[in-house]
Amino acid sequence: MRRTPHSSPHLRVMSVLGLLAALLLPLGMTLAPRATAAPAADPVRVMPLGDSITGSPGCWRAVLWNRLVDSGYTNIDFVGTLPPQGCGQAHDGDNEGHGGELVTNVADQNLLPGRLASTRPDIVVMHFGTNDVWSSISPDRILAAYTKLVAQMRASNPDMRILVAQLIPMNPSSCAACAQRVVDFNARIPGWARATGTDRSPVTVVDQWTGFSTATDTYDGVHPDASGDDKIAARWFPPLAAALDAVPPDPGGPGDPGGDPVACTARFRAVSTWQGGYQGEVTVTNTSASAVPGWTATVVPANGARLTQVWNGTLTTAADGTATVTNAAWNGTLAPGASATFGFVASAPATAGTPAATVTCAGRAPAG
């Protein structure tokens with residue numbers, strides 16, 4: 001015999017509501033639908049990519065993560081196929097820092113595509129090549145590996161934003177030539193980045209070399225100690241924050257303007273010099289196809305100099321001397337091809353020589 005199910009209390013309540021609705025409709029009244037919360041935006045996925053300096057244990061990642069969160073960047077996700085490795089503070093420890101790995105081997109063996117497929121990053125933060133330099137692999141070959149990895153990143157995500165470090169200094173007791181090899185390799189990175197970056201997928205060079213001491217910031221001439229971790233995180237923070245601000249919305253998502261992501265270039269010029277300092281200026285140019293409502297520039301002065309005063313912008317200075325300058329209220333909006341210039345005064349040691357600085361920038365994404 002087929003059983004007739006008993007009506008549950010829940011069904012009886014629904015029946016009463018249905019009857020109430022039927023009674024109200026003839027009177028021109030309707031029951032208001034229950035409001036539903038808007039879906040949360042997907043977090044921006046950041047892949048820390050490299051060797052043991054990034055992943056064994058790579059505690060600069062913990063320092064950087066917490067600085068980002070403390071600064072309001074809470075909708076982020078550090079990603080990688082490797083798990084956290086300690087560091088004594090809460091953080092998102094997923095990473096792609098494989099101890100002992102050579103970037104040339106990763107390129108030759110096509111190891112990166114599978115890692116990208118597993119993690120789907122929006123931004124890659126790459127400090128990679130220390131083992132290659134130690135192994136006396138030529139800068140040309142290392143940069144060719146960089147180029148291949150960038151192509152694989154863009155195949156995974158055409159809008160990939162890529163931060164590439166000029167390597168921290170290296171001076172191990174077993175490699176007397178390594179210190180100069182790092183200098184020689186780092187000198188090649190900015191030119192490679194200019195040739196490789198695009199408006200849609202910019203490559204930003206981050207100077208991790210200047211101001212970093214193997215004597216005080218490493219425990220073995222190669223790997224950072226706590227002081228080194230703080231310096232590395234401080235250098236990554238401004239360009240990564242700018243990249244997080246500039247990541248375009250998901251294709252087809254709410255507020256997607258359908259245009260190209262914003263991008264910009266920054267150019268440094270020394271205006272005048274004197275004993276113990278100099279005046280400089282930086283010109284920020286919008287190189288994207290759309291207007292930007294604001295911009296952020298990062299200035300890393302060379303040879304121990306420090307920015308002490310800025311006009312036409314707002315200055316924030318990290319402990320290691322890295323300066324972040326955001327636009328003033330009146331010069332932030334830049335049409336495609338338009339520029340804004342800010343000036344600054346820097347103090348410098350008497351032996352600093354000709355003023356020099358590494359400058360990068362990012363345009364702020366328009367509100368969706």
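# Paired strands, enclosed space and aromatic contacts

Strand 7 and strand 8 run antiparallel and are joined by 10 bridges. The model in which this pairing appears is a predicted one, and strand 8, covering residues 277–286, is a convenient place from which to begin reading it. Across the pairing, Arg-269 stands opposite Glu-281 in strand 8. The two strands form a hairpin with two residues between them, and in that hairpin Gly-276 takes a positive phi near 95°.

Strand 8 also pairs with strand 13 (residues 339–347), to which it is joined by nine bridges, and here too the strands run antiparallel. Within this second pairing, Val-284 of strand 8 has Ala-340 in strand 13 as its bridge partner. How far is strand 8 enclosed by the rest of the structure? Eight of its 10 residues are buried, and strand 8 is therefore largely enclosed by what surrounds it. As background to reading such strands, side chains in a regular strand alternate between the two faces of the sheet.

A further set of pairings centres on strand 12, which spans residues 323–327. Strand 9 pairs with strand 12 in the antiparallel sense over four bridges, and in this arrangement Val-299 stands opposite Ala-323 in strand 12. Strand 11 (residues 313–317) likewise pairs with strand 12 in the antiparallel sense, over five bridges, with Thr-314 standing opposite Thr-326. The hairpin of strand 11 and strand 12 has five residues between the strands, and Gly-321 takes a positive phi near 100° in it. Because four of the five residues of strand 12 are buried, this strand is largely enclosed by the rest of the structure.

From the strands we can turn to the space left between the elements. Rolling a probe the size of a water molecule over the atoms shows where empty space is left. A search of the whole structure finds three cavities of 30 Å³ or more, and the largest cavity has a volume of about 60 Å³. Which elements each supply at least two residues of the lining of this cavity? They are strand 6, helix 10, strand 9 and strand 14, with strand 6 giving the most, namely three residues. The lining consists of Val-205, Val-206, Asp-207, Arg-235, Pro-239, Thr-298, Val-300, Thr-358 and Thr-360, and these residues divide into four nonpolar, three polar and two charged.

The second largest pocket holds about 970 Å³ of space. Its lining comprises 40 residues, and Arg-194, Val-203, Val-205, Val-359 and Thr-360 lie nearest its centre. Val-205 and Thr-360 also appear in the lining of the largest cavity. At least two lining residues of the pocket come from each of strand 5 (161–166), helix 8 (178–196), strand 6 (203–207), helix 10 (226–246), strand 7 (264–274), strand 9 (295–301) and strand 14 (357–363). By class, the pocket lining divides into 24 nonpolar, 12 polar and four charged residues.

The aromatic side chains offer another route through the model. A pair of aromatic rings is described by the distance of the centres and the angle of the planes. The search of the whole structure finds eight aromatic pairs. In one of them, the rings of Tyr-146 and Phe-185 have their centres 5.8 Å apart and their planes at 75°, so the pair is edge-to-face. This pair links distant parts of the chain, since Tyr-146 lies in helix 7 (residues 139–156) and Phe-185 in helix 8, 39 residues apart. Both Tyr-146 and Phe-185 are buried.

Trp-295 and Phe-342 form a stacked aromatic pair, with 5.9 Å from centre to centre and 15° between the planes. Here again distant parts of the chain are linked, with Trp-295 in strand 9 and Phe-342 in strand 13, 47 residues apart. Are these two rings' residues buried or exposed? Trp-295 counts as buried because its relative accessibility is 1%, and Phe-342 counts as buried at 1% as well.

Returning to Tyr-146 and Phe-185, ring pairs link these residues with Trp-192 into a cluster. Finally, a charged side chain meets an aromatic face where Arg-67 lies over the face of Phe-237, at 4.2 Å from the ring centre.

Terms used. Residues numbered from 1 in each chain as written. Predicted model: local features only at pLDDT ≥ 70, side-chain atom pairs only at ≥ 80, totals over all residues. Heavy atoms only, no water. 1 Å grid on protein atoms, 1.4 Å probe; cavity = no way out; pocket = protein on both sides within 12 Å on 5 of 7 lines; lining within 4 Å. Points joined across faces, edges and corners; volume = space filled by probe spheres on them. Nonpolar A, V, L, I, M, F, W, Y, C, P; charged D, E, K, R; others polar. Buried < 20%, exposed > 50% of the residue type's maximum accessible area, 1.4 Å probe, protein only. Pairing = 2+ DSSP bridges. Phe/Tyr/Trp six-rings, centres within 6.5 Å; stacked < 30°, edge-to-face > 60°. Lys NZ or Arg CZ within 6 Å of the ring centre and 35° of its normal.
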